[in-house]
Amino acid sequence: MITTVTMNAAIDKTYVLDAFQRSAANRVQTMHALAGGKGINVARVAHTLGFPVMATGFIAGNNGAFIQNDLVKAGISNDFHRSNAGESRLCLNIISRADGSSTELLEPGPTLTPEDLQQIKNKVAHWAKHSKIVALSGSLPPGVPHDFYVELIAIAKQHGALAFLDTSGEALKAGVTAVPYFMKPNEHEVKALLEDADEFQPLSEEPSLLACIRKLMDQGIACVVVTLGESGALAGINGRCYRVHAPKVDVLNVVGCGDSFVAAFAVAHQRGWDDERCLRYATATASANAMTAMAGVVDPVQVDLLLNQVVIESRG
Ligand code: TA6
(Lines give C-alpha, C1' and ligand atoms only; values in the text may rest on other atoms or scores of the structure.)
Protein backbone atom coordinates (compact mmCIF):
# COMPACT_ATOMS: atom_id res chain seq x y z
CA MET A 1 0.00 0.00 0.00
CA ILE A 2 1.03 3.62 -0.57
CA THR A 3 0.16 6.13 2.13
CA THR A 4 0.02 9.77 1.06
CA VAL A 5 0.36 12.62 3.53
CA THR A 6 -1.23 15.98 2.68
CA MET A 7 -0.34 18.51 5.35
CA ASN A 8 -2.13 21.27 3.46
CA ALA A 9 -5.14 19.76 1.75
CA ALA A 10 -7.17 21.96 -0.55
CA ILE A 11 -10.26 22.22 -2.62
CA ASP A 12 -8.75 22.60 -6.09
CA LYS A 13 -10.97 24.88 -8.14
CA THR A 14 -10.21 25.05 -11.84
CA TYR A 15 -11.73 27.94 -13.82
CA VAL A 16 -11.67 27.73 -17.62
CA LEU A 17 -12.22 30.99 -19.53
CA ASP A 18 -11.95 31.91 -23.20
CA ALA A 19 -9.59 34.77 -22.34
CA PHE A 20 -8.68 35.84 -18.80
CA GLN A 21 -8.57 39.63 -18.50
CA ARG A 22 -6.78 41.34 -15.58
CA SER A 23 -8.64 44.23 -13.93
CA ALA A 24 -11.93 43.03 -15.40
CA ALA A 25 -14.97 40.98 -14.38
CA ASN A 26 -14.33 37.59 -15.95
CA ARG A 27 -17.22 35.20 -16.56
CA VAL A 28 -16.08 31.61 -15.99
CA GLN A 29 -17.25 29.18 -18.70
CA THR A 30 -16.32 25.98 -16.89
CA MET A 31 -15.58 25.31 -13.22
CA HIS A 32 -14.28 22.13 -11.61
CA ALA A 33 -13.98 21.57 -7.86
CA LEU A 34 -12.04 18.57 -6.57
CA ALA A 35 -10.26 17.48 -3.40
CA GLY A 36 -6.66 18.50 -3.99
CA GLY A 37 -3.30 19.30 -2.59
CA LYS A 38 -0.27 17.38 -3.76
CA GLY A 39 -0.66 14.34 -1.54
CA ILE A 40 -4.33 13.90 -2.40
CA ASN A 41 -3.50 14.14 -6.09
CA VAL A 42 -0.87 11.43 -5.61
CA ALA A 43 -3.48 9.26 -3.87
CA ARG A 44 -6.06 9.86 -6.60
CA VAL A 45 -3.66 8.93 -9.43
CA ALA A 46 -2.26 5.86 -7.63
CA HIS A 47 -5.86 4.75 -7.00
CA THR A 48 -6.72 5.32 -10.67
CA LEU A 49 -3.73 3.16 -11.63
CA GLY A 50 -5.20 0.39 -9.51
CA PHE A 51 -2.90 0.46 -6.51
CA PRO A 52 -4.10 0.41 -2.86
CA VAL A 53 -3.69 3.80 -1.19
CA MET A 54 -4.43 5.47 2.12
CA ALA A 55 -4.72 9.28 2.12
CA THR A 56 -3.95 10.99 5.40
CA GLY A 57 -2.99 14.45 6.59
CA PHE A 58 -5.24 17.10 8.06
CA ILE A 59 -8.50 18.75 7.04
CA ALA A 60 -10.48 21.55 8.67
CA GLY A 61 -13.94 23.10 8.53
CA ASN A 62 -16.57 22.83 5.81
CA ASN A 63 -13.90 22.77 3.13
CA GLY A 64 -12.38 19.83 4.97
CA ALA A 65 -15.73 18.05 4.87
CA PHE A 66 -15.94 18.64 1.10
CA ILE A 67 -12.45 17.20 0.68
CA GLN A 68 -13.26 14.09 2.69
CA ASN A 69 -16.60 13.55 0.92
CA ASP A 70 -14.92 13.89 -2.46
CA LEU A 71 -12.39 11.20 -1.55
CA VAL A 72 -15.17 8.91 -0.33
CA LYS A 73 -17.04 9.48 -3.62
CA ALA A 74 -13.86 8.57 -5.52
CA GLY A 75 -13.48 5.40 -3.45
CA ILE A 76 -10.15 6.56 -2.03
CA SER A 77 -9.47 5.28 1.52
CA ASN A 78 -8.66 8.14 3.83
CA ASP A 79 -7.92 8.82 7.46
CA PHE A 80 -7.45 12.56 7.97
CA HIS A 81 -6.99 14.32 11.27
CA ARG A 82 -9.81 16.86 11.59
CA SER A 83 -8.32 20.07 12.96
CA ASN A 84 -10.34 22.79 14.69
CA ALA A 85 -8.10 25.35 13.00
CA GLY A 86 -10.36 27.27 10.64
CA GLU A 87 -10.90 25.97 7.13
CA SER A 88 -8.86 23.87 4.70
CA ARG A 89 -7.78 26.14 1.88
CA LEU A 90 -8.82 26.77 -1.70
CA CYS A 91 -6.31 26.51 -4.52
CA LEU A 92 -7.43 28.20 -7.71
CA ASN A 93 -6.20 27.51 -11.20
CA ILE A 94 -7.31 29.95 -13.90
CA ILE A 95 -6.98 28.53 -17.41
CA SER A 96 -7.22 31.03 -20.27
CA ARG A 97 -7.92 29.26 -23.55
CA ALA A 98 -6.78 32.27 -25.64
CA ASP A 99 -3.10 31.89 -24.69
CA GLY A 100 -3.20 28.48 -22.99
CA SER A 101 -1.99 30.04 -19.75
CA SER A 102 -2.56 28.50 -16.31
CA THR A 103 -2.42 30.85 -13.33
CA GLU A 104 -2.54 29.40 -9.83
CA LEU A 105 -3.64 31.18 -6.65
CA LEU A 106 -2.66 29.04 -3.66
CA GLU A 107 -3.95 30.02 -0.20
CA PRO A 108 -1.58 29.43 2.76
CA GLY A 109 -3.98 27.16 4.63
CA PRO A 110 -5.06 27.36 8.30
CA THR A 111 -2.63 27.56 11.22
CA LEU A 112 -2.05 24.18 12.82
CA THR A 113 -1.50 23.63 16.53
CA PRO A 114 1.11 21.42 18.26
CA GLU A 115 -1.74 19.00 19.06
CA ASP A 116 -2.60 18.80 15.35
CA LEU A 117 1.03 17.98 14.57
CA GLN A 118 1.14 15.24 17.19
CA GLN A 119 -2.05 13.74 15.77
CA ILE A 120 -0.60 13.66 12.27
CA LYS A 121 2.62 12.07 13.50
CA ASN A 122 0.49 9.36 15.15
CA LYS A 123 -1.41 8.74 11.93
CA VAL A 124 1.75 8.58 9.81
CA ALA A 125 3.29 6.13 12.30
CA HIS A 126 0.14 3.98 12.21
CA TRP A 127 -0.20 3.83 8.42
CA ALA A 128 3.54 3.54 7.77
CA LYS A 129 3.37 0.11 9.49
CA HIS A 130 0.98 -1.01 6.74
CA SER A 131 2.69 0.73 3.81
CA LYS A 132 5.73 0.15 1.60
CA ILE A 133 5.80 3.83 0.60
CA VAL A 134 4.85 7.00 2.47
CA ALA A 135 4.56 9.94 0.06
CA LEU A 136 4.97 13.35 1.72
CA SER A 137 3.76 15.95 -0.73
CA GLY A 138 3.06 19.66 -0.76
CA SER A 139 3.54 22.80 1.24
CA LEU A 140 3.44 23.07 5.02
CA PRO A 141 0.70 25.37 6.37
CA PRO A 142 1.31 28.10 8.96
CA GLY A 143 2.19 26.82 12.41
CA VAL A 144 4.17 23.87 11.08
CA PRO A 145 7.96 23.99 11.64
CA HIS A 146 9.80 24.11 8.29
CA ASP A 147 11.67 20.89 9.26
CA PHE A 148 8.49 18.91 10.02
CA TYR A 149 9.06 16.56 7.09
CA VAL A 150 12.34 15.52 8.76
CA GLU A 151 10.26 14.02 11.57
CA LEU A 152 7.77 12.37 9.20
CA ILE A 153 10.54 10.86 7.06
CA ALA A 154 12.15 9.44 10.20
CA ILE A 155 8.81 7.96 11.31
CA ALA A 156 8.25 6.38 7.89
CA LYS A 157 11.76 4.86 7.82
CA GLN A 158 11.44 3.71 11.43
CA HIS A 159 8.42 1.62 10.43
CA GLY A 160 10.09 0.17 7.33
CA ALA A 161 8.48 2.36 4.67
CA LEU A 162 10.26 4.23 1.87
CA ALA A 163 9.80 8.01 2.12
CA PHE A 164 8.95 9.94 -1.04
CA LEU A 165 9.29 13.74 -0.68
CA ASP A 166 7.81 16.36 -3.00
CA THR A 167 7.83 19.85 -1.55
CA SER A 168 9.69 23.12 -2.02
CA GLY A 169 11.55 25.94 -0.30
CA GLU A 170 12.69 25.58 3.31
CA ALA A 171 10.63 22.41 3.79
CA LEU A 172 12.57 20.76 0.94
CA LYS A 173 15.93 22.06 2.14
CA ALA A 174 15.31 20.59 5.59
CA GLY A 175 13.62 17.42 4.32
CA VAL A 176 16.66 16.46 2.22
CA THR A 177 18.75 16.18 5.41
CA ALA A 178 16.54 13.24 6.47
CA VAL A 179 17.60 11.34 3.31
CA PRO A 180 14.27 10.35 1.76
CA TYR A 181 14.30 7.44 -0.73
CA PHE A 182 12.81 9.60 -3.53
CA MET A 183 12.60 13.31 -4.15
CA LYS A 184 11.30 15.40 -7.05
CA PRO A 185 12.58 18.96 -6.99
CA ASN A 186 12.09 21.19 -10.02
CA GLU A 187 15.16 22.76 -11.61
CA HIS A 188 14.85 25.95 -9.54
CA GLU A 189 14.51 24.04 -6.27
CA VAL A 190 17.49 21.82 -7.02
CA LYS A 191 19.63 24.95 -7.50
CA ALA A 192 18.45 26.31 -4.14
CA LEU A 193 19.66 23.08 -2.50
CA LEU A 194 23.26 23.68 -3.57
CA GLU A 195 25.40 25.47 -1.02
CA ASP A 196 28.13 26.45 -3.47
CA ALA A 197 25.86 27.89 -6.13
CA ASP A 198 28.85 28.62 -8.41
CA GLU A 199 28.89 24.87 -9.13
CA PHE A 200 25.68 25.65 -10.99
CA GLN A 201 25.74 27.16 -14.46
CA PRO A 202 22.56 28.62 -16.05
CA LEU A 203 19.50 26.60 -15.17
CA SER A 204 19.18 25.22 -18.66
CA GLU A 205 22.62 23.55 -18.49
CA GLU A 206 22.03 19.79 -18.34
CA PRO A 207 25.52 19.00 -16.97
CA SER A 208 24.89 21.28 -13.99
CA LEU A 209 21.57 19.65 -13.22
CA LEU A 210 23.14 16.20 -13.52
CA ALA A 211 25.89 17.32 -11.12
CA CYS A 212 23.20 18.32 -8.61
CA ILE A 213 21.42 15.00 -9.04
CA ARG A 214 24.65 13.05 -8.53
CA LYS A 215 25.45 15.16 -5.44
CA LEU A 216 22.06 14.32 -3.93
CA MET A 217 22.44 10.62 -4.76
CA ASP A 218 25.88 10.72 -3.10
CA GLN A 219 24.06 11.95 0.03
CA GLY A 220 22.09 8.68 0.01
CA ILE A 221 18.90 9.68 -1.81
CA ALA A 222 18.27 6.73 -4.17
CA CYS A 223 15.91 8.48 -6.60
CA VAL A 224 16.27 12.14 -7.59
CA VAL A 225 14.00 13.36 -10.36
CA VAL A 226 14.28 16.93 -11.65
CA THR A 227 11.16 17.65 -13.65
CA LEU A 228 11.56 19.92 -16.69
CA GLY A 229 7.90 20.64 -17.47
CA GLU A 230 6.57 19.36 -20.77
CA SER A 231 10.05 18.44 -22.01
CA GLY A 232 10.35 15.67 -19.44
CA ALA A 233 12.91 15.18 -16.70
CA LEU A 234 16.47 14.46 -15.69
CA ALA A 235 16.67 11.60 -13.21
CA GLY A 236 19.18 9.81 -11.06
CA ILE A 237 17.98 6.35 -9.98
CA ASN A 238 20.16 4.01 -7.94
CA GLY A 239 23.39 5.65 -9.11
CA ARG A 240 22.55 5.93 -12.83
CA CYS A 241 21.38 9.08 -14.61
CA TYR A 242 18.82 9.45 -17.39
CA ARG A 243 17.33 12.13 -19.64
CA VAL A 244 13.64 11.42 -20.09
CA HIS A 245 11.77 13.02 -23.00
CA ALA A 246 8.01 13.35 -22.52
CA PRO A 247 5.62 12.69 -25.41
CA LYS A 248 4.00 15.66 -27.14
CA VAL A 249 0.35 15.85 -26.06
CA ASP A 250 -2.55 18.30 -26.42
CA VAL A 251 -2.20 20.14 -23.11
CA LEU A 252 -5.36 21.12 -21.25
CA ASN A 253 -3.95 21.71 -17.76
CA VAL A 254 -0.37 21.08 -16.56
CA VAL A 255 -1.27 21.41 -12.88
CA GLY A 256 -0.89 18.07 -11.14
CA CYS A 257 1.64 16.58 -13.59
CA GLY A 258 4.31 16.42 -10.90
CA ASP A 259 1.96 14.70 -8.47
CA SER A 260 0.96 12.23 -11.19
CA PHE A 261 4.65 11.49 -11.83
CA VAL A 262 5.22 10.74 -8.14
CA ALA A 263 2.14 8.51 -7.94
CA ALA A 264 3.01 6.46 -11.03
CA PHE A 265 6.68 6.11 -10.05
CA ALA A 266 5.61 4.81 -6.62
CA VAL A 267 3.13 2.37 -8.17
CA ALA A 268 5.68 1.12 -10.71
CA HIS A 269 8.32 0.77 -8.00
CA GLN A 270 5.94 -1.28 -5.88
CA ARG A 271 5.10 -3.49 -8.86
CA GLY A 272 8.81 -4.38 -8.96
CA TRP A 273 9.47 -2.84 -12.36
CA ASP A 274 13.03 -1.85 -13.35
CA ASP A 275 14.25 1.76 -13.09
CA GLU A 276 13.70 2.68 -16.75
CA ARG A 277 10.19 1.20 -16.75
CA CYS A 278 9.37 3.20 -13.61
CA LEU A 279 10.53 6.40 -15.35
CA ARG A 280 8.62 5.54 -18.51
CA TYR A 281 5.38 4.85 -16.62
CA ALA A 282 5.73 7.98 -14.47
CA THR A 283 6.40 10.21 -17.48
CA ALA A 284 3.49 8.81 -19.48
CA THR A 285 1.19 9.32 -16.48
CA ALA A 286 2.36 12.91 -16.00
CA SER A 287 1.68 13.59 -19.69
CA ALA A 288 -1.74 11.96 -19.41
CA ASN A 289 -2.55 14.29 -16.53
CA ALA A 290 -1.80 17.31 -18.77
CA MET A 291 -4.50 16.07 -21.16
CA THR A 292 -7.29 16.43 -18.58
CA ALA A 293 -8.85 19.62 -17.18
CA MET A 294 -8.28 18.70 -13.54
CA ALA A 295 -5.15 18.18 -11.45
CA GLY A 296 -4.58 14.56 -10.42
CA VAL A 297 -6.98 13.14 -12.98
CA VAL A 298 -5.61 10.70 -15.59
CA ASP A 299 -7.11 8.21 -18.02
CA PRO A 300 -5.24 4.91 -17.52
CA VAL A 301 -5.95 3.97 -21.15
CA GLN A 302 -4.22 7.18 -22.23
CA VAL A 303 -1.25 6.31 -20.00
CA ASP A 304 -0.80 2.99 -21.82
CA LEU A 305 -1.08 4.70 -25.22
CA LEU A 306 1.70 7.14 -24.28
CA LEU A 307 4.17 4.62 -22.85
CA ASN A 308 5.96 3.89 -26.12
CA GLN A 309 6.23 7.61 -26.93
CA VAL A 310 8.47 8.26 -23.92
CA VAL A 311 12.17 8.40 -24.88
CA ILE A 312 14.78 7.55 -22.26
CA GLU A 313 18.49 8.24 -22.80
CA SER A 314 21.28 7.12 -20.49
CA ARG A 315 23.47 9.81 -18.97
CA GLY A 316 25.86 7.42 -17.23
O1 TA6 B 1 0.73 20.11 -7.80
C2 TA6 B 1 -0.56 20.64 -8.06
C3 TA6 B 1 -1.21 21.05 -6.74
O4 TA6 B 1 -1.40 19.94 -5.91
C5 TA6 B 1 -2.52 21.74 -6.99
O6 TA6 B 1 -3.54 20.81 -7.16
C7 TA6 B 1 -2.67 22.64 -5.75
O8 TA6 B 1 -3.36 21.93 -4.73
C9 TA6 B 1 -1.21 22.93 -5.39
O10 TA6 B 1 -0.39 21.95 -6.06
C11 TA6 B 1 -0.88 22.87 -3.93
O12 TA6 B 1 0.53 23.06 -3.84
P13 TA6 B 1 1.26 23.22 -2.42
O14 TA6 B 1 2.72 23.21 -2.78
O15 TA6 B 1 0.78 24.51 -1.82
O16 TA6 B 1 0.85 22.03 -1.57
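This report walks through the ligand site, two helices and several loop residues of a predicted model.

## The ligand and its pocket

The ligand sits in the largest pocket. Around the ligand there are 14 residues. Those that come nearest are Asp 12, Lys 38, Arg 89, Ser 139 and Asp 259.

Three elements each supply at least two residues of the shell around the ligand: helix 1 (38-48), strand 6 (89-96) and strand 7 (101-106).

## Oxygen atoms of the ligand

Which side chains place an N or O atom 2.8 Å from an oxygen atom of the ligand? Ser 139 does so. Asp 259 does so too. Gly 37 takes part through its backbone: a polar backbone atom there is 3.2 Å from an oxygen atom of the ligand. On its own, the ligand has 390 Å² of accessible area, and the protein covers 91% of that.

## Helix 1

Helix 1 is one of the elements that supply residues to the ligand shell. Is helix 1 mostly covered or mostly uncovered? It is mostly covered, with eight of its 11 residues buried. The buried residues are Gly 39, Ile 40, Asn 41, Val 42, Ala 43, Arg 44, Val 45 and Ala 46.

Now look just past the end of this helix. Gly 50 takes a positive phi there, of about 85°.

## Helix 8

Helix 8 covers residues 257-270, which makes 14 residues. How far apart are its end C-alpha atoms? They are 20 Å apart. At 1.5 Å a residue, the helix should span 20 Å, so the two values agree.

Helix 8 is mostly covered as well: 11 of its 14 residues are buried. Among them are Cys 257, Ser 260, Phe 261, Val 262 and Phe 265. Asp 259 is also buried, and its side chain has an N or O atom 2.8 Å from a ligand oxygen atom. Several alanines are on the buried list too, including Ala 263, Ala 264, Ala 266 and Ala 268. Just after helix 8, Gly 272 takes a positive phi of about 80°.

## The loop between strands 12 and 13

Strand 12 (232-237) and strand 13 (240-245) are joined by a loop that holds Gly 239. Asn 238 has its place in this loop as well. Asn 238 is not a glycine, yet it has a positive phi of about 50°.

Is Gly 239 buried or exposed? Gly 239 is exposed, because its relative accessible area of 53% is over the 50% cut-off. Asn 238 has a relative accessibility of 44%, so it counts as partly exposed. The C-alpha atom of Gly 239 is 9.8 Å from that of Val 224, and these two residues are 15 residues apart along the chain.

## Two more loop residues

Ser 23 lies in the loop between strand 2 (10-17) and strand 3 (30-36). Its phi is near 55°, a positive value in a residue other than glycine. With a relative accessible area of 84%, Ser 23 is exposed.

Pro 185 is in another loop, between strand 10 (182-183) and helix 6 (187-193). Is Pro 185 buried or exposed? Its relative accessible area is 0%, so Pro 185 is buried. Leu 172 is 13 residues from Pro 185 along the chain, and their C-alpha atoms are separated by 8.1 Å.

Methods:
Residues are numbered from 1 along each chain as its sequence is written. This is a predicted model: local features need pLDDT of at least 70, side-chain atom pairs count only at pLDDT 80 or more; totals for chains, interfaces and linings use all residues. Side-chain values use heavy atoms; hydrogens and water are left out. Helices (H or I, at least four residues) and strands (E, at least two) are DSSP runs, numbered from the N terminus. The expected span of a helix is 1.5 Å times one less than its number of residues. Buried means under 20% relative accessible area, exposed over 50%, partly exposed in between (1.4 Å probe, protein chains only). A residue is near a molecule or strand if one of its heavy atoms lies within 4 Å of it. A polar contact is a pair of N or O atoms within 3.5 Å; within protein, one must be able to donate a hydrogen and the other to accept it, and residues adjacent in sequence count only if both atoms are side-chain atoms. Accessible areas come from the Shrake-Rupley method with a 1.4 Å probe; for residues, only the protein chains shown count as cover. On a 1 Å grid over the protein atoms alone, a cavity is a set of points where a 1.4 Å probe fits but cannot get out, and a pocket is an open set with protein on both sides within 12 Å along at least five of seven lines; lining residues have an atom within 4 Å of a point. A molecule sits in a cavity or pocket if more than half of its atoms lie within 2 Å of its grid points.
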